[in-house]
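The following exercises concern a ligand site and the fold around it. Please work through each task before reading its solution.

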Amino acid sequence: MKIDMKTLAQKYGTPLYIYDFDYIENRYTTLKEAFAGKKSLINYAVKANSNLSVIAHLAKLGAGADCVSIGEVRRALDAGVANYKIIFSGVGKRDDEIREALEKDILFLNLESEAEMKRVEMVAKELGEEARISVRVNPNIDPQTHPYISTGLHENKFGVEIDMAKRMYIYANRSEFLNPVGIHFHIGSQLTKLEPIKEACVIVSDLVRSLKAIKIDIKFFDVGGGIGVVYNDEVTISETDYAQAIFEATKGLDVTLMCEPGRYMVANAGAFFTRVLYEKNNDGKRFVIVDAAMNDLLRPSLYNAYHQIEAVTADANADKTDADVVGPVCESGDFLGKDVPLPPLQHNDLLVVQSTGAYGFTMASNYNTRGRSAEVALEAGVDRLIRRRETYEDQVRLELEYLKK
Ligand code: LLP
């Protein structure tokens with residue numbers, strides 16, 4: 001793409017998130033085509049990047065939304081996702097969230113415990129409605145990913161085991177206020193191996209077969225999210241292999257196939273720009289201090305995640321030496337990259353941190369009273385602001401009126 005990043009950084013300032021909307025479109029259509037010939041619904045996992053314009057872009061292409069709070073449900077609706085394509089998951093839904101989701105008539109609520117099922121039944125009864133539900137099954141499979149983003153083992157807090165799921169379906173099927181329409185699992189994120197997903201699909205399809213045998217007609221088979229992306233040199237899952245594995249496991253079942261990709265859709269659409277403030281050398285250790293920090297991009301600090309970092313403005317041919325790229329926040333864990341090979345850098349040189357479209361801005365905070373970055377979309381060679389930079393006034397708005405003078 002012929003867009004000059006230096007000009008964009010100049011125009012919008014730094015730190016800055018930029019998302020390539022054409023890339024997102026391409027990802028969506030590639031995955032959708034892999035499911036060609038079957039009933040399918042791709043529910044974008046809003047948590048990965050919940051900017052309204054990003055959701056709206058996917059909604060226009062036909063995507064549904066996977067939400068984990070009523071806030072995300074509202075975002076999806078505001079962005080134009082049809083209510084009948086929205087699902088609501090999460091281990092801890094409040095009564096008011098359940099009520100609103102039912103009132104908005106979304107596709108289904110994904111239940112993660114028996115206790116939650118009873119709450120949903122109670123709220124549906126109060127509303128005099130029947131709640132469409134699915135149950136999140138925990139198939140006890142090791143997804144072989146980072147422990148913080150592994151979710152499909154019994155030691156994780158998510159979902160219910162098979163026997164409990166079966167009991168819940170039987171209860172829901174008898175209830176006047178519950179309608180079990182779906183089944184769901186999600187074993188983890190950044191999965192680069194297909195085998196664990198395949199295994200989970202087989203276990204959960206068997207459950208669907210046994211439910212259909214007792215006249216509980218599951219219509220939606222949701223395999224969750226988790227398709228891994230390339231941050232460095234990972235070899236990850238191909239869309240066609242992914243879809244084929246799901247077809248194979250669900251052979252003969254009349255279901256709509258669903259998945260909830262987040263990172264797959266947006267991670268590599270995003271680049272994060274930051275400027276060099278200073279260089280310093282502590283007893284032979286080189287530090288590049290930049291104007292972005294862990295509050296802007298938390299993944300390196302939280303998961304020790306790798307993001308490729310390159311200099312945009314410095315002389316590309318200059319000799320590189322390793323440096324830690326660090327921010328101004330008051331913590332040693334505040335780094336964007338460790339031992340990053342970089343040329344000599346000057347004040348104001350521009351660096352780009354790659355693959356930052358997923359779980360970048362959405363995990364940003366105001367720690368150290370730092371305003372969150374601006375976000376920009378690039379579409380067909382045209383740039384546009386999709387979230388303005390946060391000001392100090394934005395940050396104190398909810399406190400100022402309570403300040404005792
Ligand atoms: N569905 C459910 C039920 C989920 O819990 C998640 C992610 C997804 C879908 C989307 O997963 P994806 O396709 O993006 O892998 N903050 C971490 C990732 C946490 C993922 C949580 N759940 C990170 O920065 O790596």
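**Exercise 1.** Determine which polar atoms of the protein lie beside oxygen atoms of the ligand, and at what distance.

*Solution.* Step 1: a polar backbone atom of R263 is 2.8 Å from an oxygen atom of the ligand. Step 2: for a polar backbone atom of G262, the distance to an oxygen atom of the ligand is 2.8 Å. Step 3: S189 contributes a polar side-chain atom, 2.4 Å from an oxygen atom of the ligand. A polar contact is a pair of N or O atoms within 3.5 Å; within protein, one must be able to donate a hydrogen and the other to accept it, and residues adjacent in sequence count only if both atoms are side-chain atoms. Step 4: the ligand taken alone exposes 590 Å², of which the protein buries 91% (Shrake-Rupley method, 1.4 Å probe).

The model is predicted: local features need pLDDT of at least 70, side-chain atom pairs count only at pLDDT 80 or more, and totals for chains, interfaces and linings use all residues. Residues are numbered from 1 along each chain as its sequence is written, and side-chain values use heavy atoms, with hydrogens and water left out.

**Exercise 2.** Describe the shell around the ligand by class, and explain why the ligand lies between two domains.

*Solution.* Step 1: there are 18 residues around the ligand, and S189, E260, R299, Y303 and Y359 come nearest (a residue is near if one of its heavy atoms lies within 4 Å). Step 2: the shell has 6 nonpolar, 6 polar and 6 charged residues; Asp, Glu, Lys and Arg count as charged, and Gly is among the polar ones. Step 3: the ligand lies between domain 1 (5-16 + 268-400) and domain 2 (35-261) because both give residues to the shell. The bounds come from an automatic or database domain assignment.

**Exercise 3.** Which strands form the closed barrel, and how do they pair?

*Solution.* Step 1: the 8 strands run β2-β3-β4-β5-β6-β7-β8-β9, with parallel pairing. Strands are DSSP runs of E of at least two residues, and helices are runs of H or I of at least four; two strands pair if DSSP finds at least two bridges between them. Step 2: β2 (residues 40-45) and β3 (residues 64-67) run parallel and are joined by 3 bridges. Step 3: Y44 stands opposite A65 in β3.

**Exercise 4.** Identify the side chains that D383 contacts.

*Solution.* Step 1: D383 is placed in strand β17 (residues 382-387). Step 2: the D383 side chain makes a polar contact of 2.7 Å with that of K11. Step 3: another polar contact, of 2.5 Å, joins the side chains of D383 and Y12.
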